[in-house]
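Work through these short exercises with the model open beside you. Try each task before you read its solution.

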Amino acid sequence: MALRFKNSLSRRVEEFVPIEPGVAKMYTCGPTVYNFAHIGNFRAYIFEDLLRRYLSYKGYRVTQVMNLTDIDDKIIRDSKARGIPIKQFTAPVIKAFFEDIDALRIERAEHYPPATEHIPEMVALVKVLLERGHAYQIDGDYYYRIASFPKYGQLANLDMQGLKAGARVDADEYEKESVSDFALWKAWDENDGDAFWETELGKGRPGWHLECSAMSTKYLGKRFDIHTGGVDNMFPHHENEIAQSEGATGETFVNYWLHCEHLMVDGRKMSKSLGNQYTLRDVLDKGYSGLAVRYLLMATHYRQQLNFTFEGLESARAALERYNDFISNLESYPGGKSDGSAGGVISGAAAGFEETLDDDLNISGALGVVFDFIRDINRLKAEDKLSAGERDEALKLIRRFDSVLDFRTKAVSLEAEIEDLIRQRTEARKSRNFAQADKIRDDLLARGIILEDTPQGVKWKRKV
RNA sequence: GGCGCCAUAGCCAAGUGGUAAGGCAGAGGUCUGCAAAACCUUUAUUCUCCGGUUCGAAUCCGGAUGGCGCCUCCA
C-alpha cells in the first residue's frame, strides 16, 4: 500500500501523490515569537518532524518551510511595554525556540522565514488581490472580500451564513463590508509605535494571515503538496490562506492539509490563553529529558487528543530505556548460532513498520512493530540463536527505524571521576566487598549513572 | 445554536466485519553476590450503555450517556 494521509480538505484518507515525483514540499505553521512555546505547540512540531522524516524514509526529497511570526499585536504590545525595538524583543525568543527544537531533536526545516523580512512579498500579494477584486481598502486598512471567494469555508466546513448569524462581531471593525472579512494590512496608529512599514499600501503592518500565503509561495511555489498546523489553525488561519493564495493565483494552493490535534492538560486544551501551559523548560527543570518529551508527544497519533501527564512522561522514559538498552545490548552481543528465524523477524518488522506508517502516520502501530521486533530479537539473543551477521542486520534495521524516530540516546563519555568510581567498585566486587560496591552503585545511580554487571563485565548508561 | 472528534485493562494506546497489538505499572519464575538488563509465565471471555444488521460486530447502522474541540487570539 502506498503512503496516504487524512486530508482535512476532503475529510478522507487519500493516497499521497506529489506534484513533482520524488519531491515533497510542505509548509508548516510556526511559532509566534512573543513568548516561550509550550509543549502543546511542540506537539505540532513533533508531528511535522515525524512527517518530514517519514517522507525522507520513503525516499522523497523534502523541502519544509516553517514561518516565524515576528510581528503581531502581542509582540507590539509587549515590546512597547519593555521599551525595546521589536527585533530586540523577538531575538531571544527565536533563540530559545531553536534551542527547544534541538532539545526535542526536531530536524531543522529548510527555511525559517520571518514575517518581518517578507513585507515586500506581502505588499505585492495584496496588490494582486486588489486588482482581482478580492481586496478593498478603507481608511488605510485593507480587507479580504470574502464574498468574492465562493469556496470560503470549505476547509473548516463552515457555513458562512451561519457564521454571520453567530454574531461574534468586533465592534470597532464595523466599517468592513462584511463582518467576516479579515484584515490583510492594518494602517498604523499611534499604539503601534515603531511597528510599521512605509509601503505602496501606506504606512502600516501586515495582517496575521498574509505572511503564510506570501512566504509559502516564495519558497515552495504557487502550488505545493502539504500544509500542516494545529486544528485550531484550520479556521480562520488556513481558510484565509486558501482565500488569499487561490484568490491571487486562481490555482489550487495546497493538495493535502494535515491538522494535528491538541495536547490536553487536565482534560483541557493546553493554551497560552487558558494559562495551563507547560513550556519545555518547565518539564526539563523537573528532571525529564527532551527525549522523553519527544517520545511522549510522538507516540500518540497526531489526530488524537493527547492528555499530558507526568505519569505519561515517566512511562515514555521507561519505554525509551527499553529501546536504547536493546540497541546497546545488541551492539555488544558477540553473536551465536543462527536457527534461521531472524531473517523473517527482520523482514517482517521492516514491512510492518512501513505498512503502519503508510497509513496516515500510524505511529502507535509502528511502535508496536518496533517493540515486537525488539522482543523477538532479544529472545533469539537470550537463546543464543542469533548469528553475528543477523545481529548486524537487526542493528541496521533498528537504526533505519531510528532515522524516523530518533529515540537513540547520544553517546557521552564519562567524567574521569566517575570512571574512577566504577573502577573502584569493580575492585571492591573482586575482593567481595559487596557493601562498598553497592554503595558506589547507589551513589552513581543518584547521579544518573546506571550500572549493570554483565558477562562481558560492568556496563554503564545514563538515565534517559 | 451550527460543525466536528472521541470513549478499548490500573495508566497510555493500536486494531474499523473473522474472534482483543504494543508501551508503562503489577505478580510469579530463570539468570545474578545482590541488583539491573534480558527472557518465560501472568494481568480485558471483552472494547461506555441499549437496540438493530450479519453465520460472525470493539469495528457497520440507530439511539442514549459522558468528554473534548472549532465557530475570527491560538499548534
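**Exercise 1. Establish how far apart in sequence the contacting residues of chain A lie.**

Solution. Take the contacts in chain A between residues at least 6 apart in sequence; 77% of them join residues at least 24 apart. This is a predicted model. Next, count the elements: chain A has 15 helices and 16 strands. Then take the extent. The C-alpha trace of chain A spans about 90 × 50 × 35 Å along its principal axes.

**Exercise 2. Describe the surface and the charges of chain A.**

Solution. Start with burial: 50% of the 464 residues in chain A are buried. Now the surface. Chain A exposes about 21,100 Å². Carbon and sulfur atoms supply 49% of that area. Last, the charges. Chain A holds 63 positive and 73 negative charges, and their mean positions are 5 Å apart.

**Exercise 3. Decide whether Ser213 is buried or exposed, and find its partners.**

Solution. First, place the residue: Ser213 lies in helix α6, residues 210–220. Second, apply the cut-off. Buried means under 20% relative accessible area. Ser213 has 1%, so Ser213 is buried. Third, list the neighbours. Leaving out residues up to four places away in sequence, Ser213 touches Leu125, Glu241, Gln244 and Ser245. Fourth, look for a polar contact. The side chains of Ser213 and Ser245 make one, at 2.9 Å.

**Exercise 4. Locate the annotated 'HIGH' region and describe its span.**

Solution. An unreviewed UniProt entry annotates residues 31–41 as a short sequence motif, the 'HIGH' region. Check the secondary structure: residues 31–41 are 27% helix and 0% strand. Then check the ends. The end C-alpha atoms of residues 31–41 lie 8 Å apart.

Technical notes: Residues are numbered from 1 along each chain as its sequence is written. Chains are lettered from A and ligands numbered from 1 in the order in which they are written. This is a predicted model: local features need pLDDT of at least 70, side-chain atom pairs count only at pLDDT 80 or more; totals for chains, interfaces and linings use all residues. Side-chain values use heavy atoms; hydrogens and water are left out. UniProt positions are given in the numbering used here, feature names are shortened, and annotations may be inferred rather than shown by experiment. Helices (H or I, at least four residues) and strands (E, at least two) are DSSP runs, numbered from the N terminus. Buried means under 20% relative accessible area, exposed over 50%, partly exposed in between (1.4 Å probe, protein chains only). Contact means heavy atoms within 4.5 Å. Accessible areas come from the Shrake-Rupley method with a 1.4 Å probe; for residues, only the protein chains shown count as cover. Lys and Arg count as positive and Asp and Glu as negative; His and the chain ends are not counted. The place of a charge is taken as NZ of Lys, CZ of Arg, CG of Asp or CD of Glu. A polar contact is a pair of N or O atoms within 3.5 Å; within protein, one must be able to donate a hydrogen and the other to accept it, and residues adjacent in sequence count only if both atoms are side-chain atoms.
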